[in-house]
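Student: Please take one part of this structure and go through it closely. I would like the sheet in chain B, with its strands and their partners, and then its surroundings.

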Amino acid sequence: MTLSGLVPLTLAVQGPPPDHEVVTDFEQVVLVALVFVIMFGLGAGLTPRDFLSALRRPWGLVIGFVTQFGIMPFLAFLLVLGLVLQLPPEFAAPVALGTLLMGSVPAGTTSNIFTFFSKGNLALSVLMTTNSTLWALLMTPLALYLYGTRFMPEGSELQIPLINIVVTLVTLLVPVAVGMVIRRYSPNVGAVLELMGGFFGLFFIVFLMATWVPRNWVLLAVTPWQVYAVAIFLGLFGISIAYAIARSIKLHPVNARTVGLETGIQNGPLAIAIVLLTFSDSPLLGSLLLVPALYSLFIVIVATFVTVHFRRANLSEEQRIPSLL
Amino acid sequence: MDGRPWLAQYPEGTRPQLPELPAETLPELLRQSSATYADAIAFTQCMPNGMNGSLRYRDVDRLSDDFAVYLREVVGLSAGDRVAVQVPNCLSYPIVAFGVFKAGCVLVNTNPMYTASEMTHQFADSGAKALVIIDLFADRLPAVLPTTSIETVVTVSISAFFPRTVAAIIHATQRYWSRTLPRITVEHTPLRDALAEGRQRRETGADLEAYLADVDGEALAALQYTGGTTGVSKGAMLSHRNLVANTSQILEMTGSHVRPGEETVLTALPLYHVFAFTLNLLAFYTVGGRNVLVPSPRPPSNLKRAFENYPITWLTGVNTLFNALLSERWFLEHPPGRLRASAAGGMALHGSVAQRWREVTGTPIVEGYGLTESSPVLTFNPLGGTVKDGTIGIPIPSTEVRCVADDGRPVPPGEPGELVARGPQIMQGYWQWPDETAETVRDGWLHTGDIAEMDPDGYFRIVDRKKDMVVVSGFNVFPNEVEGCIAAMPGVREAGVVGVADPKTGESVQAYVVVDDPALTAADIIAHAREHLAAYKVPRVIEFRDELPKSLVGKILRKDLRVPVGAGAASAVGPGAGSEPA
């Protein structure tokens, strides 16, 4: 095992300074507001029929649950075994825990935005996010118990911040519902809102990257490659594996893409909140946050590439019919 | 029954002979309807993302008046002058088309997808003096106008008559995002300005009635260009009476299935084509229906929002469209709940498609038949009567149809012969093509070039185009039948069939097949054909293709099938290759 120099290693082991914030409060508020506005617009493109269709074929939901809480934590565990444990032990344990946590949290709202841009099944995506977020209260601690007990610091007990669960659900469901109602009464306003939602969605993605990098560039400079790899592969493999599974059980490509994105795109802010709530006094806080913070950046980049790919696939699946008459 | 057994098949309430027409000219017909249904919504244009605009009957009436005045007073056209209209389905279309009629001018419908050379031919041949064109394609004009008599160009925007904000967003998207709006370098007037000028003249005393002083039922209303079969595109001369009669015949035939003032028809087929023009535009306008106009049904997901947002009760389409909708998941999961009936034309409706359509939507679908030269409808399956799949139905009221031999004499029922038809909807002739006219319309009988058979009940079945018939050892094989048989096989998407020279049998049948299921082999297909077809009709050779050449019309171009393609094509000789015709 070789690491690139002693100084960065020391820095990395210590993690970011104690006053480090992954996102500022201001950014947090902006992000929540953006998500709200975006989901409002995307909701304006949905009808009750879309949800009925998704519920009528619950396979997407079922398989999504399996990939979300079965595959993702296991994938995180494999990445820990294969990559994180190469690191010095005192550093490896908190990073491993952060990785496992990242793999065990539910899907985030970001997945809905990428599903929209990927021409996936947005209604299914909303249902899956809701479903996995609710189940997370039970499944996230369970997964961590299963894979992460040995990395847990003595005496600490995992705490799921309810407020984040509630915020996730509210910023998802309320605007979607309102958007749907508006569209019901005025398709024109609905279409305009949807267009705006898409526009803000693009802005959101750029905003995530643009605010992350200047605040966290030190992390980028000192992080060992194994941690990078974990942060990138967790999302990339998660999306790919879930997509492959969904395809293999003959889910429609549109739904398979949705399952892929829902599974691979985790609720980064929730993971960070869990760390802060559970380990706020721990000297290892910085290292615990390392993977959740890096993941939050790289998933946006990974998902953007995946989205471009999915859009192309979608285009080639569109029925091509000759011009009629 | 004097060779007209279909008379017994008309449903209750359908009169076999039309009484007097409700109007002599189209403007008269349109004005009646505009007055009766003034406050009802006549047209709604629905974009793929759900953005929409609507016009009421009153608006359509007023705006088309404005346009008529503009054409006569500002442009200076006279009755009988041709106006080319090259506009996709949008709110401007009815305003412009009705305005042309009200001005006493002649509508020349033109496909917006035409290339510069096709445009040049059609404009020059018709002698059009004015052109209304969608702004998206106006960049072709510098290459076109110099060789035509067009002096006035009016441009139309796809978002015209939408709510202002929505129109602005669509316009901005076209200009800055998709960059589909070309710079228009020729002199032109936006429709908005043209209407404003017309309105001004109208309010200062233009006499709309005077424009129609010399326009009677025999006056030319439209030059409807048809590719025909000979290659050269010719203008079918449709008079006001032709179009009014066909509209009335269609409504007589549909009877109570089209309820005045209550229907919402989805118009996904282009209005510049005579099928949608007469059926959707004229017939449904006449009975106070609401036309939901979709600028382009390609890809078919473009229709999703229209189906979601409007209570569609009627749908007209071609086989390709129905088949495409039946492959869309959103359509299958939520078929339109208010649909009452669908009408198919333009090409043969496959039995399997018709069957699935009924299963999925729970509503009837009926196939009809007609030509541009007959305004267009000649026959239809009677809604409320016996519907026979695979047939084009029975002649609509006031229409006589026969199958005749080469010498012009009627063939006995059940025997194939060229379908000929007579009625008030038959065109006056081809514009400036007297020879072609004389050959096509003989003693008032339109010779369609289609081979058909009549069953004992008076239902007609198209066997094929006269020229596509394959003769195998003296037996007639009609490619349609073989194509239909192969296409009905699971895993096959479509098939095209042609005759190829054969040393033993003169000609033999060769099929070009596009499959969805790559495991399907030529032997499978031939075995399937053997089960359903007489031996001489079974293809000798099956060639797999990735796609089949199609015309703009969406019909398989059999003449282009023989052209070999490079990659992706594999050919196979079937096991039946040695068999003799039965």
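Tutor: What follows starts with the sheet and then moves outward to the rest of the structure.

This is a predicted model, in which local features need pLDDT of at least 70, side-chain atom pairs count only at pLDDT 80 or more, and totals for chains, interfaces and linings use all residues. Residues are numbered from 1 along each chain as its sequence is written, while chains are lettered from A and ligands numbered from 1 in the order in which they are written.

In chain B, nine strands make an open sheet with mixed pairing, in the order E2-E1-E11-E10-E12-E13-E14-E15-E16. E2 and strand E16 (394-395) of chain B are at the edges with a single partner strand each, so one side of each has no neighbour in the sheet. Strands (E, at least two residues) and helices (H or I, at least four) are DSSP runs, numbered from the N terminus. Two strands count as paired if DSSP finds at least two bridges between them. Strands of a sheet pair through backbone hydrogen bonds, either parallel or antiparallel.

Strand E1 of chain B, residues 41-46, has five of its six residues buried. Buried means that 20 or more other C-beta atoms lie within 10 Å of the residue's own; exposed means 12 or fewer, partly exposed is in between, and C-beta atoms are placed from the backbone. E1(B) pairs with strand E2 (residues 52-56) of chain B in the antiparallel sense, over five bridges. One pair is B:Gln45 with its bridge partner B:Gly53 in E2(B). Five residues lie between the strands of this hairpin, and B:Gly50 takes a positive phi near 100 degrees there. E1(B) also runs parallel to strand E11 (residues 290-293) of chain B, joined by three bridges. Here B:Gln45 stands opposite B:Leu293 in E11(B).

Further along the sheet, strand E13 (residues 341-344) and strand E14 (residues 365-370) of chain B run parallel and are joined by three bridges. B:Ala343 stands opposite B:Val366 in E14(B).

Outside the sheet, helix H17 (residues 522-532) of chain B has B:Ala522, B:Ile525, B:Ile526 and B:Ala529 buried. These residues lie on the same side of H17(B), because they cover an arc of only 95 degrees around the axis, the arc being that of the directions from the helix axis to the C-beta atoms. An α-helix has 3.6 residues a turn, so residues three or four places apart point the same way.

Chain B is divided into domain 1 (54-215) and domain 2 (469-578), with bounds from an automatic or database domain assignment. Their centres, taken over C-alpha atoms, are separated by 45 Å.

Chain B also meets chain A: 32 residues of chain B are in contact with 18 residues of chain A. Contact means that the C-beta atoms of two residues, placed from the backbone, lie within 7 Å. Helices H6 (164-177), H11 (304-309), H12 (319-325) and H13 (329-333) of chain B each give two or more residues to the side that touches chain A. H12(B) gives the most, with three residues.

Chain A itself has 13 helices and zero strands. Of its 325 residues, 53% are buried. Its C-alpha atoms fill a box of roughly 70 × 40 × 35 Å, taken along the principal axes.
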